[in-house]
Structure formats: structure tokens, C-alpha cells
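Colleague: Put the model up, please. I would like to go through it by question and answer.

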Amino acid sequence: MERPDQTPAGPCGAGMGTLPKCAPLAFPYIPMQEQNPPRFSRAEALQAGTLFPGLDLPFKAAIQAKTKLANTALVELMALDFAIKELNLYLDTHAGDQEVLQLYWSYIKLAKEGREKYEKMYGPLTSTDLTPEDGYAWLKDPWPWDVGGND
């Protein structure tokens, strides 16, 4: 027995979605970024979830207010890695942007130097950073995020 609200296209009709209730389907639009767009600082980018203010989504403000990150060496490395990935994605579509390309290389250099300094103080960041001389010393205490491990 067919319900009166059902049509051959489904319970909501053609071009309509069913979750959480019947509504028009979305057609996403992704604008192309301009050359050399404004950028957040690395720390702001990590917190905002994007390096580019033009891609910052307004609903993120509520999340950002709840996710303040401490200013530690580990957070700085996370921010650098995040900014490098964002610049990598930007350069995929804007390979000729020399200013951003130079920033990309400088962030990679900073991240490499920071990672080396960090690992001298606290040990390897990942298990793939171990060397044969270390043995399998990945599980040493304190871990960087433990109290006193990341000053």
C-alpha cells in the first residue's frame, strides 16, 4: 500500500533529500582562490582549520572558542605542518605563485629545524623517526603531551 506522500522518485520527490527530513539537495559551489590570497598566521590557521581567511567557515567560530591550543613546541610543529599542507593544496592549483612557493619552502625548512630540535629534547615524534641506534625506544615517558614533557 503506497503512502500519499510517496512519489516514484521516493518519499520526498525528485531532487529532494530525505535526511533529516525532506529538503532540496545542495549543489556545492567552490570558488577558485585568487593568486596570493591573504593568510592567517600558522597558529591562527591551525585553530581556524584553514590557512586562508576566505575559506574560513562561520560555524567554525563556535568550535574555535572551545579549542584554544597552548603555545608549546609541539603545537608550533602542528601549526607548521598544517600550514605546509594548506600551502601544498593551494599550490596544486596556483603553481606559478612564487611568493607562496617561497613561503612553502620556508615553512618546510622551519618545520624540519623545529622537528630536529624537538626530537633532541623529547625524542622521536613518530615511530618512523626512530633510528637503529635508538632501538625501539618509542614508548619512553614522559610523552610530549604529558605534564612536564612539553615545556
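Modeller: A residue counts as buried under 20% relative accessible area, as exposed over 50%, and as partly exposed in between (1.4 Å probe, protein chains only). The model is predicted, so local features need pLDDT of at least 70 and side-chain atom pairs pLDDT 80 or more, while totals for chains, interfaces and linings use all residues. Residues are numbered from 1 along each chain as its sequence is written, and side-chain values use heavy atoms, with hydrogens and water left out.

Colleague: What share of the residues of the protein chain counts as buried?

Modeller: The protein chain has 151 residues. By the cut-off of under 20%, the share that counts as buried is 26%.

Colleague: What pattern does the protein chain follow along the sequence?

Modeller: Helices (H or I, at least four residues) and strands (E, at least two) are DSSP runs, numbered from the N terminus. The chain has four helices and two strands. Read along the sequence, the pattern is β-β-α-α-α-α.

Colleague: Which element has the highest mean pLDDT?

Modeller: pLDDT is the predictor's confidence in each residue, from 0 to 100. For the protein chain the mean is 76, and 64% of the residues reach 70 or more. Among the elements, the lowest mean, 59, belongs to α2, and the highest, 91, to α4.

Colleague: How many salt bridges are there in the whole structure?

Modeller: A salt bridge is a side-chain nitrogen of Lys or Arg within 4 Å of a carboxyl oxygen of Asp or Glu. A search of the whole structure by that rule gives a count of four.

Colleague: Where do Glu99 and Arg39, which meet in a salt bridge, lie in the chain?

Modeller: Their side chains meet at 3.7 Å, N to O. This pair links distant parts of the chain, 60 residues apart. Glu99 is in helix α4, and Arg39 is in the loop between β2 (23–24) and α1.

Colleague: Why does Glu99 count as partly exposed?

Modeller: Its salt-bridge partner, Arg39, is partly exposed at 28% relative accessibility. Glu99 counts as partly exposed because its relative accessibility is 46%.

Colleague: Which helices are linked by the pair Asp81 and Arg115?

Modeller: The side chains of Asp81 and Arg115 form a salt bridge, with N to O at 2.5 Å. The two residues are 34 apart along the chain, and the helices are α3 for Asp81 and α4 for Arg115.

Colleague: Is Arg115 buried or partly exposed?

Modeller: Asp81, on the other side of the bridge, has 34% relative accessibility and counts as partly exposed. With a relative accessibility of 23%, Arg115 is partly exposed.

Colleague: In which helix do Glu113 and Lys109 both lie?

Modeller: Glu113 forms a salt bridge with Lys109, and their closest N and O atoms are 3.8 Å apart. The residues are four apart, about one turn of the helix, and that helix is α4.

Colleague: Is Lys109 exposed or buried?

Modeller: Glu113 is partly exposed, at 40% relative accessibility. Lys109 has a relative accessible area of 53%, which means that it is exposed.

Colleague: What is the volume of the second largest pocket?

Modeller: On a 1 Å grid over the protein atoms alone, a pocket is an open set of points where a 1.4 Å probe fits, with protein on both sides within 12 Å along at least five of seven lines; lining residues have an atom within 4 Å of a point. Grid points are joined across faces, edges and corners, and a volume is the space filled by probe spheres set on the points. For the second largest pocket the volume is about 170 Å³.

Colleague: Which of its eleven lining residues are the closest to the centre of the second largest pocket?

Modeller: The elements that give two or more residues to this lining are α3 (73–93) and α4 (98–122). The largest share, six residues, comes from α4. The residues closest to the centre are Ala73, Leu77, Gly114, Lys117 and Tyr118.

Colleague: How many residues of that lining are charged?

Modeller: Ala, Val, Leu, Ile, Met, Phe, Trp, Tyr, Cys and Pro count as nonpolar, Asp, Glu, Lys and Arg as charged, and the others, Gly among them, as polar. The lining of the second largest pocket has seven nonpolar residues and one polar, and the number of charged residues is three.

Colleague: What is the phi of Asn36?

Modeller: Asn36 is in the loop between β2 and α1. It is partly exposed because its relative accessibility is 30%. Although Asn36 is not a glycine, its phi is positive, at about 50°.
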